[in-house]
Amino acid sequence: MHRIIYSVASSLDGYHTDAQGDYSWAVPDEEVISALNADAGEVSTYLYGRRMYEAMAGWETDPAVAAQSPESSAFATTWQAAQKVVFSAGLPEVWTKRTRLERKLTAEAIERARAEAPGDLTVEGPTLAHSALRLGLVDVIELLLCPIIVGAGTPVLPDGLRTALSLKRERRFGNGMVQITYDVR
């Protein structure tokens, strides 16, 4: 069975965006992107909510995004080849290839995506991930801790969630970011 991985950038105090919705402080450098690209080799499907899909679609629709660096170009190729499932009641349509729109996030919809996937899946964005975590569908939590405290914003983990974790891996990067990966028990 393929894993569902919640991979997310986080401030040290546990936020994905600050109080203004900004996450520019989480932009990775080439070393980090290279490591994330290596991790993405096992991922065949990305699960998105509307906002995260809109943010990520540029990897296919805007050539300047991929042209930022060699590692960005490699990620764009990986992203474009992957399947994407977007969960949104309000998005009228999707505009990238290999993308399916689901109107409602349910355990059945996620399990169907898992059954169809030839590899691992990532659940992207904290809003969607909070729902998947509450449904008990996330197998791995991977935090990219950024060397910043933002004080408020969108939390990486939902309130009231309690689950045991086992440390699987930790990596340090030259820019001060640290990636920690936990299996959900």
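**Notes on a predicted model**

1. Let's start with one residue: Asn-37 sits in helix 1. Bear in mind as you read that this is a predicted model. With a relative accessible area of 13%, Asn-37 is buried, because anything under 20% gets that label. Its side chain has a polar partner: the side chain of Glu-71, at 2.8 Å. Leaving out residues up to four places away in sequence, Asn-37 touches Glu-71, Ala-74 and Phe-75.

2. Helix 1 is also worth a look for the largest pocket. Which part of the chain gives the largest share of that pocket's lining? Helix 1 (residues 30-40) does, with six residues. The lining as a whole is made up of 41 residues, and the pocket's volume comes to about 1100 Å³. If you want to find its centre on screen, pick out Pro-28, Leu-36, Met-56, Phe-75 and Glu-124, the lining residues that lie nearest to it. Phe-75 has already come up, as one of the residues that Asn-37 touches. As for how a pocket is found in the first place, rolling a probe the size of a water molecule over the atoms shows where empty space is left.

3. Now for the sheet. It is an open one with eight strands, and the pairing is mixed. Going across it, you meet the strands in the order 5-4-3-6-1-7-10-9. Strand 5 and strand 9 (165-172) are at the edges; each has a single partner strand, so one side of each has no neighbour in the sheet. From one strand to the next, the twist averages 20 degrees.

4. Follow strand 3 (residues 43-49) and you can see both of its pairings. With strand 4 it runs parallel, joined by five bridges. Two of the partners in strand 4 are easy to look up: Val-85 for Leu-47 and Phe-87 for Gly-49. With strand 6, strand 3 again pairs in the parallel sense, over five bridges. There, Val-43 stands opposite Asp-120 of strand 6. Is strand 3 mostly covered or mostly open? Mostly covered: seven of its seven residues are buried.

5. Two helices that pack on the sheet deserve a mention here. Helix 7 (residues 126-134) touches strand 1 (4-11), strand 3, strand 4, strand 6 (120-124) and strand 7 (140-146). The direction of helix 7 makes about 120 degrees with that of strand 6. Within helix 7, the buried residues include Pro-126, Leu-128, Ala-129, His-130, Ala-132 and Leu-133. Just after this helix comes Gly-136, with a positive phi of about 75 degrees. Back at strand 3 and strand 4, which pair in parallel over five bridges, helix 5 packs on the sheet and touches both of them. The direction of helix 5 makes about 80 degrees with that of strand 3.

6. Helix 5 (residues 70-81) is home to Gln-80. Buried or partly exposed, which is Gln-80? It is partly exposed, because its relative accessible area is 32%, and the "partly exposed" class lies between 20% and 50%. The side chain of Gln-80 reaches the backbone oxygen of Trp-59 at 2.7 Å. Not counting neighbours within four places in sequence, Gln-80 is in contact with Trp-59, Glu-60 and Arg-98. Take Glu-60: it is 20 residues away from Gln-80 in sequence, with 6.1 Å between the C-alpha atoms.

7. Arg-98, one of those contacts of Gln-80, has a small surprise of its own. It shows a positive phi of about 60 degrees although it is not a glycine. Where does Arg-98 lie? You'll find it in the loop between strand 4 (83-87) and strand 5 (99-102). At 45% relative accessibility, Arg-98 counts as partly exposed.

8. Finally, have a look at Ile-5, which is found in strand 1. It counts as buried, at 7% relative accessibility. Which residues does Ile-5 touch, not counting those up to four places away in sequence? They are Asp-120, Leu-121, Thr-122, Val-123, Val-140 and Glu-142. Asp-120 is familiar from point 4, where it stands opposite Val-43. Compare that with Ile-149, which is 144 residues along the chain from Ile-5: their C-alpha atoms are separated by 24 Å.

Terms used: Residues numbered from 1 in each chain as written. Predicted model: local features only at pLDDT ≥ 70, side-chain atom pairs only at ≥ 80, totals over all residues. Heavy atoms only, no water. Helix = DSSP H or I, 4+ residues; strand = E, 2+ residues; numbered from the N terminus. Buried < 20%, exposed > 50% of the residue type's maximum accessible area, 1.4 Å probe, protein only. Contact = heavy atoms within 4.5 Å. Polar contact = N/O pair within 3.5 Å; in protein donor to acceptor, adjacent residues only side chain to side chain. Pairing = 2+ DSSP bridges. Axes fitted to C-alpha atoms, helices over the stretch in contact; angles between N-to-C directions. 1 Å grid on protein atoms, 1.4 Å probe; cavity = no way out; pocket = protein on both sides within 12 Å on 5 of 7 lines; lining within 4 Å. Points joined across faces, edges and corners; volume = space filled by probe spheres on them.
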